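Trainee: Could you take me through how features such as burial, contacts and cavities are read from a model?

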Amino acid sequence: MNYSMNLSLNVALHGRIEGEATFCETSRFIGITGPSGAGKSSFLRCIAGFEKEAKVRASWPSQIAPKEAQLKIGIVFQQPLLFPHVNVQGNLGLARRHASKNAISIEEALTGCCCSHLVHKSIDSLSGGEAQRVAIARALVNGPDILLLDESLSAIDSQTRRKIYRFLHKLCASSLLTCLVVSHDIDDLLLFSDELVYIHNGNIAAVGEVNNVIQAMFQYGGMESMETPSAVIDAVVEHLIEPEAGKIAEPDSSLNIANRIYSVMALGQRLYVSEKSLTPVSAYSHTSPESKDAENKPLTNGQPVRISIKASDVSIDTNVSETSEKTTSSILNALACLIEDITFFDSHQQGRVLLTLGIQDTSAQGSDNDKNGSQIHQEPLYAVISALSFHRLALERNMPVVARFKLL
């Protein structure tokens with residue numbers, strides 16, 4: 001077993017997958033995406049040791065796999081593969097028998113994977129999504145150092161899926177667990193991944209920060225799967241809003257999660273976002289994942305959050321005087337941008353144009369400011385509009401525009 005400061009994986013399986021991926025020392029939740037048949041599952045199977053003909057060189061950081069310990073890898077497939085002869089509690093109990101010292105409790109796994117209510121159910125009575133939740137909980141109870149998830153949340157509804165991803169991300173932050181997650185849902189991966197891997201035609205085509213990998217996907221012909229690419233924006237919670245009165249709510253407001261709307265600041269510009277569309281950004285620390293009660297509390301003022309915005313949800317306004325602070329539109333969210341790039345879709349997608357937008361950072365002033373006095377943020381926003389709109393608005397590169405989108 002090799003050790004280094006960073007996690008590094010070099011995999012070769014003839015005709016299926018080849019390439020190397022090296023990650024930052026702090027990256028513990030790693031997303032893996034790419035077209036169907038590209039080699040994503042083969043990549044995980046090689047790491048897990050299921051492909052005997054594969055050549056795998058891996059360097060594991062010592063904090064993940066201490067030199068005196070045997071590395072423990074867990075894998076959960078799209079099909080849960082639960083033991084049918086015992087119920088949910090029995091499945092977790094069997095996993096607990098051979099657990100490592102870093103394993104979490106059965107109760108914590110059930111709560112984090114949203115399946116406490118299933119504990120006494122038989123396996124054949126579970127739905128597909130319920131079985132997937134139990135399979136992930138079972139894997140966590142066993143205490144792996146590395147957890148590989150191969151489309152393991154695909155049958156789970158989006159709201160529950162994001163709760164589980166949030167729990168896993170917090171678990172990675174508070175323990176020695178590292179997760180590698182294969183998914184076609186790029187929005188989920190953008191929100192929760194510390195780094196992203198893009199696999200294309202059997203090759204590891206791009207590795208790195210999520211926004212950089214998204215741009216690489218275009219270069220590698222990932223346009224089909226990225227017709228409506230998403231952008232991730234980092235923001236800070238300003239305050240909770242009373243949705244009916246439109247005023248600042250008290251910090252101890254009794255509003256339930258479904259009705260919570262926040263004012264957040266992104267690059268000096270104000271946005272209004274529902275709680276379900278905000279993902280808290282927590283620095284890695286050795287603290288326990290938040291309790292269920294803490295999870296239900298409103299986000300705190302000043303808390304860093306992450307927002308995912310689909311290109312299909314973004315419209316373009318050339319009236320740059322109307323921002324979210326001064327508008328006659330019901331579409332409250334508006335970001336001042338410059339058009340950085342223009343891409344026309346292939347012939348079978350005629351009539352649509354992809355705009356890459358640089359967001360103006362109105363909170364920063366300096367020598368790199370643009371002609372309007374606002375610095376352009378390096379991570380882009382995307383918009384897909386009709387070619388008719390593109391030509392009628394006479395859009396062009398370096399043109400200032402306002403990107404609008406509804407409350408998320």
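The dialogue below goes from the whole chain to single residues, a helix and a cavity.

Mentor: This is a predicted model, in which local features need pLDDT of at least 70 and side-chain atom pairs count only at pLDDT 80 or more, whereas totals for chains, interfaces and linings use all residues. Residues are numbered from 1 along each chain as its sequence is written, and side-chain values use heavy atoms, with hydrogens and water left out.

Trainee: How many helices and strands are there in the protein chain?

Mentor: Helices (H or I, at least four residues) and strands (E, at least two) are DSSP runs, numbered from the N terminus. The protein chain has nine helices and 21 strands.

Trainee: Is Phe-23 buried or exposed?

Mentor: A residue is buried when its relative accessible area is under 20% and exposed when it is over 50%, with partly exposed in between (1.4 Å probe, protein chains only). Phe-23, which is found in the loop between β3 (17-22) and β4 (29-33), counts as buried because its relative accessibility is 2%. Across the protein chain, buried residues make up 52% of the 408 residues.

Trainee: Which residues does Phe-23 touch?

Mentor: A contact means heavy atoms within 4.5 Å. Leaving aside residues up to four places away in sequence, Phe-23 touches Asn-6, Leu-7, Leu-9, Ile-30, Glu-195, Val-197 and Val-207. Of these, Glu-195 is 172 residues from Phe-23 in sequence, yet the two are 7.3 Å apart in space, C-alpha to C-alpha.

Trainee: Why are the buried residues of α2 on the same side?

Mentor: An α-helix has 3.6 residues a turn, so residues three or four places apart point the same way. In helix α2 (residues 88-97), the buried residues are Val-88, Asn-91, Leu-92 and Ala-95. They cover an arc of only 90° around the axis, and therefore lie on the same side of α2, the arc being that of the directions from the helix axis to the C-beta atoms. What covers these buried residues includes α3 (106-112) and α4 (128-141).

Trainee: What lines the largest cavity, by class?

Mentor: On a 1 Å grid over the protein atoms alone, a cavity is a set of points where a 1.4 Å probe fits but cannot get out, and lining residues have an atom within 4 Å of a point. The lining of the largest cavity has seven nonpolar, three polar and one charged residues, where Asp, Glu, Lys and Arg count as charged, Ala, Val, Leu, Ile, Met, Phe, Trp, Tyr, Cys and Pro as nonpolar, and the others, Gly among them, as polar. Among the lining residues are Asn-102, Leu-140, Asp-145 and Leu-177.

Key
1 Å grid on protein atoms, 1.4 Å probe; cavity = no way out; pocket = protein on both sides within 12 Å on 5 of 7 lines; lining within 4 Å.
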